[in-house]
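Trainee: Please go through the empty spaces in this model with me, and then the sheet.

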Amino acid sequence: MPKVTLNNGIQIPVLGFGVYTIAPEHTEQVVTEALAVGYRLIDTAAAYENEEAVGRAIAKSGIPRDELFVTTKLWVQDAGDDSAKRAFERSLRRLGLDYLDLYLIHQPFGDYYGAWRAMQNLNRQGAARAIGVSNFYPDRLVDLIDHNEITPAVNQIETHPYFQRGAEQDLMRNRGVQLGSWGPLAHGRDDLFTHRILNEIATAHGKSVAQVVLRWLIQRGIVVIPKSVRPERMAENVDVFDFRLTEDEMNRIAPLDTGSSSVFDHRDPQSVSWLGNHRFNT
Ligand code: NDP
């Protein structure tokens with residue numbers, strides 16, 4: 001599995017497995033299958049309420065800890081210096097781990113400056129090998145970088161053919177922040193899998209649309225974490241390293257960009273309030 005080097009020298013697999021929306025009672029089995037297929041990066045979150053099941057799958061897999069890359073995220077209710085530290089310890093306990101590879105601030109809401117202070121300390125102590133953020137638009141990202149010691153290693157944001165984030169990627173590159181794509185397959189929405197251009201490119205390579213989309217993201221230097229509960233799709237999504245899109249094919253995908261989210265607007269006051277006031281894993 002190819003890796004990308006983050007701004008602190010830590011290496012992250014360019015392709016991993018996301019477990020959002022997988023019910024806790026199914027997660028152990030699904031993650032066990034994903035590990036068997038070859039995934040080594042698992043992306044969960046306190047808010048997904050399935051960290052314990054991820055931890056059980058990891059423990060049962062017998063895969064050496066240093067071959068795995070485990071990401072989890074801090075939810076809004078636990079932003080703040082002391083509460084972030086406690087939330088990190090709870091996540092570690094649920095995962096059954098003694099360190100994390102990547103700890104992310106899940107949303108740019110609440111006292112995330114306090115959270116970042118705690119996370120910088122966790123990073124310095126080695127409890128979190130890398131720290132980063134998620135869903136940060138450029139203004140909040142730059143402000144966080146400019147007023148803290150440690151620059152986030154990753155900003156995980158919605159990125160797929162309908163929401164390509166090109167300018168944001170340029171800014172992040174200049175600031176040393178790795179773009180991680182969530183929802184790389186646009187949750188399968190908006191007829192992604194039947195899109196004419198994507199199907200033409202897929203046919204030309206004897207690949208599926210999902211594989212073309214993941215390949216397109218990886219060729220842009222983006223880390224991807226597709227989710228599937230079906231083993232055959234897990235295998236399909238990881239099988240993207242034996243072909244390459246041409247420049248012309250990359251250019252054909254560029255106009256699919258709508259420039260906006262198909263899921264959630266992190267700048268809409270109602271959405272911010274709705275999301276920020278949801279509590280998980282209390
Ligand atoms: P994805 O873009 O990965 O799409 C998942 C959907 O696509 C599922 O319905 C899945 O169905 C389907 N699918 C997967 N592979 C294929 C395939 N090869 N062919 C056809 N359909 C396919 O959406 P997610 O929202 O799950 O995003 C991925 C991960 O990103 C999450 O699991 C999570 O870890 C992270 N994330 C982070 C967020 C954040 O705020 N930081 C927000 C949202 C997600 P099925 O399972 O039935 O195969």
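Trainee: How many residues line the largest cavity, and which lie nearest its centre?

Mentor: The lining has 13 residues, and those nearest the centre are Ile 12, Gln 156, Gly 180, Val 223 and Ile 225. A cavity is a set of points on a 1 Å grid over the protein atoms alone where a 1.4 Å probe fits but cannot get out, and lining residues have an atom within 4 Å of a point. Residues are numbered from 1 along each chain, and side-chain values use heavy atoms, without hydrogens and water. The model is predicted, with pLDDT of at least 70 needed for local features and 80 or more for side-chain atom pairs, while totals for chains, interfaces and linings use all residues.

Trainee: Which elements give two or more residues to that lining?

Mentor: Strands β4 (41-43), β8 (154-158) and β9 (178-182) do so in the largest cavity. β9 gives the most, with four residues. Strands here are DSSP runs of E of at least two residues, helices are runs of H or I of at least four, and both are numbered from the N terminus.

Trainee: How much space is in there?

Mentor: The largest cavity holds about 90 Å³, counted as the space filled by probe spheres on grid points joined across faces, edges and corners.

Trainee: And how many cavities in the whole structure?

Mentor: The search finds three of 30 Å³ or more. About 60 Å³ lies in the second largest. Among the residues lining that second one are Asn 135, Tyr 137, Glu 158, Arg 165, Trp 182 and His 266.

Trainee: Which residues are closest to the centre of the largest pocket?

Mentor: Tyr 20, Thr 21, Trp 182, Gly 183 and His 187, out of 38 lining residues. So Trp 182 turns up in the lining of the second largest cavity as well as here, a pocket being an open set with protein on both sides within 12 Å along at least five of seven lines. The volume of the largest pocket is about 980 Å³.

Trainee: Which helices supply at least two residues to it?

Mentor: α9 (231-238) and α11 (269-276). α9 has the largest share of the pocket lining, three residues.

Trainee: Now the sheet. What is the strand order?

Mentor: Eight strands run β3-β4-β5-β6-β7-β8-β9-β10 in an open sheet with parallel pairing, where pairing takes at least two DSSP bridges. The edges are β3 (17-18) and β10 (223-224), each paired on one side only.

Trainee: How many bridges join β3 and β4?

Mentor: Two, in the parallel sense. Gly 18 stands opposite Asp 43 of β4.
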